[in-house]
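Biologist: I would like to learn how to read a structure like this one, feature by feature. Could you walk me through it?
Modeller: Gladly; ask away as we go.

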Amino acid sequence: MRTQVGIIGAGPAGLMLAQLLHLQGIDSIIIERKPREDIEGTVKAGVLEQFTVDLLNEIGVGDRMMREGHFHDGIELQFSGKRHRIDLRGLTGGQRITVYPQHEVIIDLVNARFNTGRDIIFNVSEVSLHDVDTKEPKIRFKQNGEIHEIQCDFIAGCDGFHGPSRLAIPDSIRKEHLHLYAHGWLGILTDVKQANPELIYSNHDRGFALLSTRTSTLQRHYISVDYHDDIANWSDDRIWSELHARTAMEGWTLPDGPINSKNIVQMRSYVLETMNYGRLFIAGDAAHTVPPTGAKGLNLAASDVKILATGLAEFYKSGSEDILDRYAEIALRRIWKAERFSYWMTSMLHRNPNHDSFERNIQLTELDYVCTSVAGSKTLAENYVGLPIQWENKSLIETK
Ligand code: FAD
Ligand code: DHB
């Protein structure tokens, strides 16, 4: 098999990249480890920045999202028994977030891919990358017991945190940063009416809770737990009892109902600075992971592939490698800011068992400052709705 860009992984990064390239007349082949039903059925993210919404519209896959997504002008932060609204729209000159589930984005992208007449090769195994530091890189993989090879001009490693692409960069060159957190998030999907018109992030003495939504009858909620905890220890009653306690407000009751899925995910921050090696470019969770508190992961995948696709389009149009050479530099400006924001939101909203009473009061005072000062709430709002891509090394003021 031969193509211009070989894409490993059919997550949001790989599928958005394929569509962006297709619209520039650039051919790609996508390989994916899982079956189609799995990628279309796995519940993950929910919050899309305006940037991601605009990108999905630009590549022609936004129709259903615009019909079925929920547009939120604000979020609420709860602590010390009170709720405070952050007016995202008012504080950012009209920007907002859209709640539309990641697996629905995947369904829309897979349909768009098949509409282009190009395939996705599912159920692959034993994926390996070869000659990535030459002009003829190759991907080998196994499917239905047979070994196949894709020869390409470029490889895009969009295979998530556990994929093989990153490891094709020699250890001596690969520069990375990892930070682990003690807590994980226990997430549920529940068939019940919406708890609140906007998302609620709560820092309670018992721990963190997040009330989010999917549709008017299906809700997505999270509580922080010890990452090593086993989901089997969490009966539905125990989950609801924690959610009730951590979001309690006088005169308000959290609607509860049947839980139809629950799992625990680890929280980590990870940045691969070497996002490019020869003809290999790494994008999305394969290059960086954020704790989910800032709702940034999928949105960073979108900006990475926008930058990469722009660089590849420039290369095929004019032979210039200017943007490709600067891919990591441009992408990392936005990535580090999202890493900082996600780390900050996580530290501000989660109970830290090692904190003394002084540190606990500093944490609550920080929340109070963020919610009651214009400067504080603007800082949260502009990061939450998403910062722009800084194509040049200019300040954010000059970029806007
Ligand atoms: P992935 O989605 O991980 O896709 C990678 C793909 O590569 C997968 O399909 C995988 O099967 C495939 N793959 C792996 N190995 C191979 C291989 N060897 N060969 C071929 N294919 C392979 N982000 C937000 O922006 N907003 C949110 O609100 C948000 N909430 C979240 C809540 C939770 C609980 C979690 C867990 C995550 C959340 N995220 C959120 C993060 C978001 O889900 C991820 O950042 C996003 O999925 C990254 O997309 P990706 O395409 O880079 O990687
Ligand atoms: C959701 C996930 C997040 O990580 C977040 O910060 C907000 C909402 C969600 O799944 O709806």
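Biologist: In which helix is the place of Val-105?
Modeller: One thing to keep in mind as we start: this is a predicted model. Val-105 has its place in helix α6, which covers residues 102–115.

Biologist: Is Val-105 buried or exposed?
Modeller: Burial is read from relative accessible area, and under 20% counts as buried. Val-105 has a value of 3%, so it is buried.

Biologist: Which residues is Val-105 in contact with, leaving aside its neighbours within four places in sequence?
Modeller: Those partners are Leu-48, Leu-56 and Tyr-100. You can also look at separation along the chain beside separation in space: Val-105 and Gly-11 are 94 residues apart along the chain, while their C-alpha atoms are separated by 9.6 Å.

Biologist: Let's try another residue. Where does Thr-52 lie?
Modeller: Thr-52 is part of helix α3, residues 50–58. Its relative accessibility is 0%, so Thr-52 counts as buried. Setting aside neighbours within four places in sequence, Thr-52 is in contact with Leu-298, Asn-299 and Ala-302. For a distance along the chain, take Asp-63: it is eleven residues apart from Thr-52, and the two C-alpha atoms are separated by 13 Å.

Biologist: How about a loop residue: between which strands is the loop that holds Asn-196?
Modeller: That loop runs between β12 (176–191) and β13 (200–204). A loop position does not settle burial for us, and the area has to be checked. Asn-196 has 15% relative accessibility, and therefore counts as buried.

Biologist: Which side chain does the side chain of Asn-196 join in a polar contact?
Modeller: The partner is the side chain of Glu-76, at 2.9 Å. A polar atom of the Asn-196 side chain also lies 2.9 Å from the backbone oxygen of Glu-198. Not counting residues up to four places away in sequence, Asn-196 touches Glu-76 and Arg-83.

Biologist: Now the ligand. How many residues surround ligand 1?
Modeller: The shell has 32 residues, and the closest are Ala-13, Glu-32, Gln-102, Asp-285 and Leu-298. By type, the shell divides into 15 nonpolar, nine polar and eight charged residues.

Biologist: Which elements each supply at least two residues of that shell?
Modeller: They are α1 (12–23), β15 (218–226) and α8 (297–318). Helix α8 gives the most, with three residues.

Biologist: Which protein atoms lie at short range from polar atoms of the ligand?
Modeller: Let's go through them by residue. A backbone N or O atom of Ala-13 lies 2.9 Å from an oxygen atom of ligand 1. A polar backbone atom of Arg-33 is 3.2 Å from a nitrogen atom of ligand 1. From the side chain of Lys-44, an N or O atom is 3.3 Å from an oxygen atom of ligand 1. As for cover, ligand 1 has 1,000 Å² of accessible area on its own, and the protein covers 89% of that.

Biologist: Last topic: how many disulfides does the structure hold?
Modeller: A disulfide is a covalent bond between the sulfur atoms of two cysteines. This structure holds zero disulfides. Cys-152 is in none, and the nearest cysteine sulfur, that of Cys-158, is 12 Å away.

Biologist: Are Cys-152 and Cys-158 buried or exposed?
Modeller: Cys-152 has a relative accessible area of 0%, so it is buried. Cys-158, at 6%, is buried too.

Definitions and conventions
Residues numbered from 1 in each chain as written. Chains lettered and ligands numbered in written order. Predicted model: local features only at pLDDT ≥ 70, side-chain atom pairs only at ≥ 80, totals over all residues. Heavy atoms only, no water. Near = heavy atom within 4 Å. Polar contact = N/O pair within 3.5 Å; in protein donor to acceptor, adjacent residues only side chain to side chain. Areas by Shrake-Rupley, 256 points an atom, 1.4 Å probe, with all protein chains shown as cover. Helix = DSSP H or I, 4+ residues; strand = E, 2+ residues; numbered from the N terminus. Nonpolar A, V, L, I, M, F, W, Y, C, P; charged D, E, K, R; others polar. Disulfide = S-S within 2.5 Å. Buried < 20%, exposed > 50% of the residue type's maximum accessible area, 1.4 Å probe, protein only. Contact = heavy atoms within 4.5 Å.
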